[in-house]
Amino acid sequence: MESQTIVEALLLGLLEGLTEFIPVSSTGHILLAGHFLGFHSTGKAFEILIQLGAILAILSVYFRRLWKMLLELPYDRLTRHFVIGILIAFLPAAIIGALAHDFIKTILFESPRLICIMLIIGGVVLLAVDRMNLKPVYHDVERFPTRLYLQIGLFQCLSLIPGTSRSGSTIVGALLLGVDKRAAAEFSFFLAMPTMVGAFAFDLFKNRNVLTSADLPIIAVGFVAAFVTALFVVRFLLDFVSRKGYSLFGWWRLVVGGLGLVALMIWG
């Protein structure tokens, strides 16, 4: 195993953890960085499988709340409502993602120009929505109406286009539908759990015959790096967006997307 590949896996893992839960598109960032680094993973599995690190980070932060929900699930109506709501929000992207998996991985994942364009479009949308004088009416993620869970889940389908951002599409959708900024970010955390676990399991299954033991060290390094970085992001993001909003991430997307297009024109 070349040390350069391990170093690249470490950098990409850190990038995954940093960007997974903020609305800037972790997959878009990793694919762009991998393109310019010349990093290639078997079946593009690395980019999906290292998300397990970010998944475990959010599970560890929310462990007590999740454990409490598990104990209350059989007899607490509000807890059942919330869990069912998360599943309803999860299903649209899960179904479309499974049906379009090969197209997404072989066509969309291979288009860095598309990723840059989607980063820029998403940045403009995020800045515009953040500056709207929206009047939030939903503040508690556990008490959203059932239709609201479904509507946010439909917004998440946009994230199947790399560069759009899973958290970005759900957060923007939630804000436009009347959710406050903190609750929008928090619900994107909860929705990430089944979405990312499902993507991880499905991609692992699809690549079960092409992954080899030689891929494991690279994936392991990326996994650990993603876990550590995501742990930091999850602990501080809710307070940040409550105070500052999402404009920083909109500008972030514009800068990365713009620089990416310039780099593609220069180096291809």
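**Exercise 1.** Find which backbone oxygen the side chain of Thr-229 reaches, and describe the surroundings of Thr-229.

*Solution.* Start with the polar partner: the Thr-229 side chain gets to the backbone oxygen of Ala-225 at 2.8 Å. That fits a polar contact (N or O atoms within 3.5 Å; within protein, one able to donate a hydrogen and the other to accept it, and residues adjacent in sequence counting only if both atoms are side-chain atoms). Keep in mind that this is a predicted model, where local features need pLDDT of at least 70, side-chain atom pairs count only at pLDDT 80 or more, and totals for chains, interfaces and linings use all residues. Residues are numbered from 1 along each chain as its sequence is written, and side-chain values use heavy atoms, with hydrogens and water left out.

Next, place the residue: Thr-229 sits in helix H12, residues 216-244 (helices are DSSP runs of H or I, at least four residues, and strands runs of E, at least two, numbered from the N terminus). Then look around: leaving aside residues up to four places away in sequence, Thr-229 touches Leu-14, Gly-17 and Leu-18 (contact means heavy atoms within 4.5 Å). Finally, Thr-229 is buried, as its relative accessible area is 15% (buried is under 20%, exposed over 50%, partly exposed in between; 1.4 Å probe, protein chains only).

**Exercise 2.** Work out how many disulfides there are, and whether Cys-116 is buried or exposed.

*Solution.* Take the rule, cysteine sulfur atoms within 2.5 Å; the count is zero disulfides. Now check accessibility: Cys-116 is buried because its relative accessibility is 0%. Cys-157, at 16%, is buried too.
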